[in-house]
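Please walk me through this structure in a viewer, one selection at a time. For each stop, say what to select and what is found there.

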Amino acid sequence: MNWFTALLWVTLALVLAFLVFPVVAIFVDVGPAELIASLDDPSAVDALWLSLRTSLAAVAIIVVFGTPAAWLLATRSFRGREVVTTLVELPLVLPPAVAGIGLLAAVGPSGLLAPLGISFTLSTAAVVVALTFVAAPFYLRQAQAAFAAVDRSWLDASRTLGAGEARTLARVAIPAALPGLSAGLALAWGRALGEFGATLMFAGSFQGVTQTVPLAIYERFATDFTGALGLSAVLVCVSGALLLAVKFAFRAAY
Amino acid sequence: MIAAMRRFLVLFACAGLLAACGSDDSGSPAGSTKPQLTVSAAASLKNAFRRYAQDFEAAKVRSSFAGSDELAAQIRQGVKPDVFASANTKLPDALYAAGLVGKPVVFAANELVLAVPADSAVRGLSDLTKEGTTIAMGSESVPVGAYTRKVLDGLPADERAAILGHVRSNEPDVAGVVGKVAQGAVDAGFVYVTDVEATEGKLKAIDLPADLKPQVAYGVAVVKGAKHPEQAQHFVDGLLRGAGREALEGAGFLPPPGA
């Protein structure tokens with residue numbers, strides 16, 4: 001092993017230590033018994049259930065609308081495509097507080113669309129809106145890249161055999177891009193599960209209605225650190241399982 | 001590749017330059033010799049402490065504003081600001097008992113009110129029981145939320161239940177409650193009178209019945225193991241008499257009970 005390879009390994013070790021240490025600390029600080037005990041609390045159960053429902057709803061919306069949109073961005077070249085791609089990716093780099101303010105200004109009670117009667121806040125629907133906004137770019141970005149990487153000749157073959165574009169998309173492009181699409185889906189889902197700032201600003205915090213797991217963790221942090229650790233541990237497990245499931249499901253297929 | 005890297009470096013340098021410009025007066029020779037005092041303060045103290053910090057001679061003050069309960073929890077987890085100022089006396093007393101802060105002193109009082117938009121038809125607590133009314137309050141653990149629940153506990157059970165049934169958000173600090181009312185996301189919120197004054201007419205305060213009004217007293221303490229205990233003590237002293245006292249009065253705070 002030459003010195004450069006050694007250096008690469010050292011940096012990887014540092015990166016890994018830095019990223020993994022806080023996550024490990026959560027599980028060192030809280031024993032399995034306490035972890036389970038912390039879930040024996042109606043507010044924790046409500047938060048988990050709410051997070052599951054709202055993040056699934058957000059992911060469903062993202063996939064239904066995001067897949068065709070990403071296909072278009074990946075297969076057509078038109079004026080301003082780069083601009084559109086950048087706009088779509090913008091929420092990725094926006095601080096959650098900016099997302100929260102933006103949503104309030106757009107679809108809040110005194111937002112731009114309020115005169116038309118379109119306004120969400122402090123409701124479960126508002127949570128879904130916030131999660132969709134922050135998570136969508138993660139899927140769109142991956143989906144666009146995955147579609148762009150599909151071998152042109154497969155698509156051409158499908159068309160020569162008489163399949164229309166819709167059929168080609170459904171039967172050839174989506175199956176071929178599936179690993180990339182699922183990776184994007186997992187990232188978007190993970191981001192939605194972890195959303196905090198935009199949700200608090202736009203949707204508020206109320207048990208069973210808008211208090212998702214991250215908000216419940218924040219509320220517990222002040223009075224019940226062990227409880228906050230317990231819920232955090234659950235969120236780590238769920239998010240980690242999500243990433244792993246997607247990785248393994250598509251390794252098996254290929 | 002090289003060109004891309006160079007472009008990246010230029011971008012990076014620009015960002016660094018921007019960051020340097022952003023860190024206000026650190027470049028001035030007087031500023032650089034002053035110690036930096038870290039103050040953890042209740043969200044409701046923001047305006048008063050901002051003004052006080054500008055006039056504070058002994059140190060450059062960095063404040064972090066949040067729910068008092070969150071700040072106290074940070075101190076329990078080993079975070080060491082120099083000063084902890086809370087919207088109640090319970091949290092600093094508990095930290096004192098745990099040996100984490102010096103002896104707390106009461107330095108100001110405030111008043112819990114019902115905040116509504118300036119053009120609201122809400123006149124008092126009884127309007128909050130009306131069908132379709134929406135309310136925001138502090139969560140149970142933050143002082144403003146605890147005071148609010150104390151007020152509601154003094155109401156007849158059916159009235160209390162009706163009001164609690166109209167709560168749409170339990171916010172982690174008072175700033176969140178003010179924001180929800182100011183945005184029109186809810187019809188009313190329980191906040192301190194100083195928070196309403198800070199909105200400069202956007203919100204109006206409705207007094208609570210005198211027999212239900214909780215006593216809102218603010219406690220402050222120097223944190224044990226503070227980096228700059230001497231300046232921290234100066235800061236606390238100034239809250240009782242001096243520039244801090246004036247800033248508090250300017251923001252609408254009342255003198256501490258018994259002073």
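For the helix pairs on this tour, axes are lines fitted to C-alpha atoms over the stretch in contact, and angles run from 0 to 180 degrees between N-to-C directions. The model is predicted, with ipTM 0.75 and pTM 0.80.

**Stop 1: two helix pairs in chain A**

Select residues 152–160 and 165–194 of chain A, helices H7 and H8. Their axes come within 10 Å and cross at roughly 160°. Angles over 145 count as roughly antiparallel, and H7(A) and H8(A) are therefore roughly antiparallel to each other. The crossing is right-handed. Show side chains for A:Trp154, A:Leu155, A:Ser158 and A:Arg159 on H7(A), which meet A:Thr168, A:Val172, A:Ala173 and A:Ala176 on H8(A). Sorted by class, this contact has five nonpolar, two polar and one charged residues.

Next select residues 81–93 and 124–148 of chain A, helices H4 and H6. Here the axes are 8 Å apart and the packing angle is about 125°. That makes H4(A) oblique to H6(A). H4(A) and H6(A) cross in the left-handed sense. On the H4(A) side the contact is made by A:Val88, A:Glu89, A:Pro91 and A:Leu92. H6(A) contributes A:Phe133, A:Val134, A:Ala136, A:Pro137, A:Phe138, A:Leu140 and A:Arg141. The residues of this contact divide into nine nonpolar, no polar and two charged.

**Stop 2: where the chains touch**

Display both chains. The contact takes 16 residues from chain A and 18 residues from chain B. Which helix gives the largest share of the chain A side? Select residues 213–223 of chain A: this is helix H10, and five residues of the contact come from it. The chain A side as a whole divides into eight nonpolar, seven polar and one charged.

**Stop 3: a sheet in chain B**

Move to chain B and select strands E2, E1, E3, E10 and E4, which form an open sheet in that order with mixed pairing. E2 (60–66) and E4 (105–110) stand at the edges with a single partner strand each, so one side of each is left without a neighbour in the sheet. The twist averages 20° from one strand to the next. Within this sheet, E1 (residues 36–42) and E3 (residues 83–86) of chain B run parallel and are joined by three bridges. To find the register, centre on B:Val39, which stands opposite B:Val83 in E3(B).

**Stop 4: another sheet in chain B, with its helices**

Now select E7, E6, E8, E5 and E9 of chain B, five strands in that order in an open sheet, again with mixed pairing. The edge strands, each pairing on one side only, are E7 (167–171) and E9 (203–206). The twist averages 35° from one strand to the next. E5 (residues 112–117) of chain B runs antiparallel to E9(B), with four bridges between them. B:Leu114 has B:Ile206 as its bridge partner in E9(B).

Add helix H6 (residues 143–153) of chain B, which lies across E5, E6, E7 and E8 and runs at about 120° to E6(B). Then add helix H8 (residues 174–182) of chain B, which packs on the sheet and touches E5, E6, E7, E8 and E9. The direction of H8(B) makes about 140° with that of E8(B).

**Last stop: confidence in chain B**

Colour chain B by pLDDT. The mean is 88, and 87% of the residues of chain B reach 70 or more. Select residues 20–31 of chain B: the pLDDT there is below 50, and beyond near neighbours in sequence this stretch has four contacts in the model. Where pLDDT is low, the predicted coordinates should not be read in detail.

Note on methods:
Residues are numbered from 1 along each chain as its sequence is written. Chains are lettered from A and ligands numbered from 1 in the order in which they are written. This is a predicted model: local features need pLDDT of at least 70, side-chain atom pairs count only at pLDDT 80 or more; totals for chains, interfaces and linings use all residues. Two strands pair if DSSP finds at least two bridges between them. Two residues are in contact if their C-beta atoms, placed from the backbone, lie within 7 Å. Ala, Val, Leu, Ile, Met, Phe, Trp, Tyr, Cys and Pro count as nonpolar, Asp, Glu, Lys and Arg as charged, and the others, Gly among them, as polar. pLDDT is the predictor's confidence in each residue, from 0 to 100. Angles under 35 degrees count as roughly parallel, over 145 as roughly antiparallel, 65 to 115 as roughly perpendicular and the rest as oblique. A crossing is left-handed if the near helix is turned anticlockwise from the far one by less than a right angle, and right-handed if clockwise.
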